[in-house]
Amino acid sequence: DYLDGRVMLALINRCYDHLDVGGTLIIGNFSRRNKHKTFLDQILQWKIIHRSAEDLQEIFAKSHFVESVEIAAEENGVNLFAVAKKLK
C-alpha cells in the first residue's frame with residue numbers, strides 16, 4: 001500500500017530470493033474499490049496506494065515469480081491479496 005511499483009517489484013524479487021522452492025509469498029494491498037479511499041486520503045491524510053488486481057498482476061509479471069501468482073480479494077473487495085509460489 002505504501003510502495004511505488006518500482007520499490008514493490010524490488011521487494012517482491014528480494015522475497016523470492018529468500019524463499020525455498022514451493023514457498024509462498026502473500027502481499028496485501030488496498031483495492032481501488034475501497035469506498036473510503038477519499039476519506040482516508042483527504043480527511044485522515046492516510047496516503048496509501050490503491051491498486052486493482054490488474055495492477056498487481058502487472059507488477060508480478062515483471063518479477064521472478066512471473067506466472068505463479070493469483071490475486072484474491074476478501075468478501076467486500078477492499079483488500080486484495082497476491083499469492084505467489086516459488087516454482088523453481
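Visitor: Which residues make up the covered face of strand β3 (residues 79-85)?
Guide: In a regular strand the side chains alternate between the two faces of the sheet. In β3, the uncovered face carries Asn79, Phe81, Val83 and Lys85. The covered face holds the others: Leu80, Ala82 and Ala84.

Visitor: What kind of model is this, and what pattern does the protein chain follow?
Guide: It is a predicted model, where local features need pLDDT of at least 70, side-chain atom pairs count only at pLDDT 80 or more, and totals for chains, interfaces and linings use all residues. Residues are numbered from 1 along each chain as its sequence is written, and side-chain values use heavy atoms, with hydrogens and water left out. There are 3 helices and 3 strands, taken as DSSP runs numbered from the N terminus (helices H or I, at least four residues; strands E, at least two). Read along the sequence, the pattern is α-β-α-α-β-β.

Visitor: Which residue of β3 stands opposite Ile27?
Guide: Strands pair if DSSP finds at least two bridges between them. Strand β1 (residues 24-30) runs antiparallel to β3 and is joined to it by 7 bridges. Strand β2 (residues 69-73) also runs antiparallel to β3, with 5 bridges, and there Ile71 has Ala82 as its bridge partner. The residue opposite Ile27 is likewise Ala82.

Visitor: What is the phi of Gly77 in the turn between β2 and β3?
Guide: β2 and β3 form a hairpin, with 5 residues between the two strands. Gly77 lies in that turn, and its phi is positive, at about 75 degrees.

Visitor: Which element supplies the largest share of the largest nonpolar core?
Guide: A nonpolar core is a set of buried Ala, Val, Leu, Ile, Met, Phe, Trp, Tyr and Cys residues joined through side-chain atoms within 4.5 Å; buried means under 20% relative accessible area, exposed over 50%, and partly exposed in between (1.4 Å probe, protein chains only). The largest core has 15 residues, and Met8, Ile12, Leu25, Ile27, Phe60 and Phe65 touch the most other members. At least two residues each come from α1 (5-18), β1, α3 (53-61) and β3. The largest share, 4 residues, comes from α1.

Visitor: How wide is the arc of the buried residues of α1?
Guide: Met8, Leu9, Ile12, Asn13 and Tyr16 are buried in α1, whereas Arg6, Arg14 and His18 are exposed on the other side. The buried residues line one face of the helix, because seen down the axis they fall within a limited arc, taken over the directions from the helix axis to the C-beta atoms. That arc is 135 degrees.

Visitor: Which elements do the buried residues of α3 pack against?
Guide: In α3, the buried residues are Asp55, Leu56, Ile59 and Phe60. They lie on the same side of α3, because their arc around the axis is only 130 degrees. Contact means heavy atoms within 4.5 Å. The elements they pack against are α1, β1, β2 and β3.

Visitor: Is His50 buried or exposed?
Guide: His50 lies in the loop between α2 (37-43) and α3. Not counting residues up to four places away in sequence, His50 touches Asn29, Phe30, Ser31, Arg32, Asn34 and Lys37. Its relative accessibility is 8%, so His50 counts as buried.
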